[in-house]
Amino acid sequence: PEELDASALVELLDASASGLATTLVSRRLRAHLRGDQALRDGQVERVRRRILAAWDPVLLARLAVAVEEDLARGAGVPLPSTERERHALLFQSSAFEHRRALRRLLKARSRGDGAHPDSHPRNVRWLAAHPAIDAGTWTHGIVLRREIPGAGEVTLAFERDPLEVLRLGTYVGSCLSLGGGQAYSAVAIALDVNKQVVYGRDGSGGVLARQVLALSERDRLFCFEVYPLEAPAEVRALFLEYDRELARALGIAIHDPEAEKEDDGEIALLLSSDWWFDYPISPGEP
């Protein structure tokens, strides 16, 4: 790039799709290059040097775009237009054995199939095989709102968007995050109807904490640890209240790890082939 003049540099910068062109190329330089305004040679050279000084970030930004283009092409989906779509696309590199299932999910979303994966026959059969569970209550959850000192109104609810479910680890920095050691488990939770995530959001929609819930083959509600682990005690207590209210609405008991024997086979794998069986908490544990 050092051998290129300002016009060629701007052309390359515009083609990089990095978004940096708007900050590096002034309106005056563009007007000069169009012939609408004349700049002195020294002014043009200063802008050229400014572009060259930022060339490494330009290359890295272009590389990131190329990665997204390659992942989108491999999955057979359009380039992402939102952050959640971008996160889901990049999640392919963390999904391991769930990569093909994730690609099917992304393709379904690109076709406008918002019901997937709840409508998948395996998920439908699992719900039908558990008549003690009210399918509507379990798939949509309940909503709980409380005022929390220092946080304002906090709302707890099931996350219904599979792409937003995939962010359950990324939001709180856990091992289920993008690039995390158990990221594949986030895909399992997005795919399997017997697994759900509850987000606790503040008034602006920001995620304060989250909790994974699951139904066992014995129709018990498994409540796993609230993340981040350093979430305020008031927020953690609100999740416990949510768990109890949900269990009452479902008409089932909460699994008590202190009183009941357990193993990870308690939670069936439906569309997924593996998941991270975290640490269930007691119904009386704050």
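Select Q43, V44, V47, R48, I51 and L52: these are the buried residues of helix α4 in this predicted model. Show the whole of α4, residues 41-53, and check its length: 13 residues reach 18 Å from the first C-alpha to the last, close to the 18 Å expected at 1.5 Å a residue. The spacing of the buried positions can be read against helix geometry. An α-helix has 3.6 residues a turn, so residues three or four places apart point the same way. Now add α1 (6-15), α2 (21-24), α3 (27-34) and α5, against which the buried residues of α4 pack.

Stay on α5 and pick L60, which lies in this helix. Is L60 buried or exposed? With 59% relative accessibility, L60 counts as exposed, because the cut-off for that class is over 50%. Add L63 and V67 to the selection; together with L60 they make a nonpolar surface patch of about 290 Å² accessible area.

Next, go to the largest nonpolar core, which has 36 residues; select L102, L166, L168 and W275, the members that touch the most others. Colour the elements that give two or more residues to this core: α5 (55-75), α6 (83-90), α7 (99-110), α10 (162-165), α12 (183-191), β3 (195-201), β4 (207-215) and β5 (221-227). Helix α12 gives the most, with seven residues.

Centre on L166 and display its contacts. Leaving aside residues up to four places away in sequence, L166 touches H87, A88, F91, L102, A186, V187 and A190.

Last, select I133, V226, L246 and A268. They are among the 31 residues of another core, which lies apart from the one around L166.

Terms used:
Residues are numbered from 1 along each chain as its sequence is written. This is a predicted model: local features need pLDDT of at least 70, side-chain atom pairs count only at pLDDT 80 or more; totals for chains, interfaces and linings use all residues. Side-chain values use heavy atoms; hydrogens and water are left out. A nonpolar core is a set of buried Ala, Val, Leu, Ile, Met, Phe, Trp, Tyr and Cys residues joined through side-chain atoms within 4.5 Å. Buried means under 20% relative accessible area, exposed over 50%, partly exposed in between (1.4 Å probe, protein chains only). Helices (H or I, at least four residues) and strands (E, at least two) are DSSP runs, numbered from the N terminus. Contact means heavy atoms within 4.5 Å. The expected span of a helix is 1.5 Å times one less than its number of residues. Patches are made of residues with over 30% relative accessible area and no salt bridge: like charges are joined within 9 Å, nonpolar side chains (Val, Leu, Ile, Met, Phe, Trp, Tyr) within 5 Å. Accessible areas come from the Shrake-Rupley method with a 1.4 Å probe; for residues, only the protein chains shown count as cover. A salt bridge is a side-chain nitrogen of Lys or Arg within 4 Å of a carboxyl oxygen of Asp or Glu.
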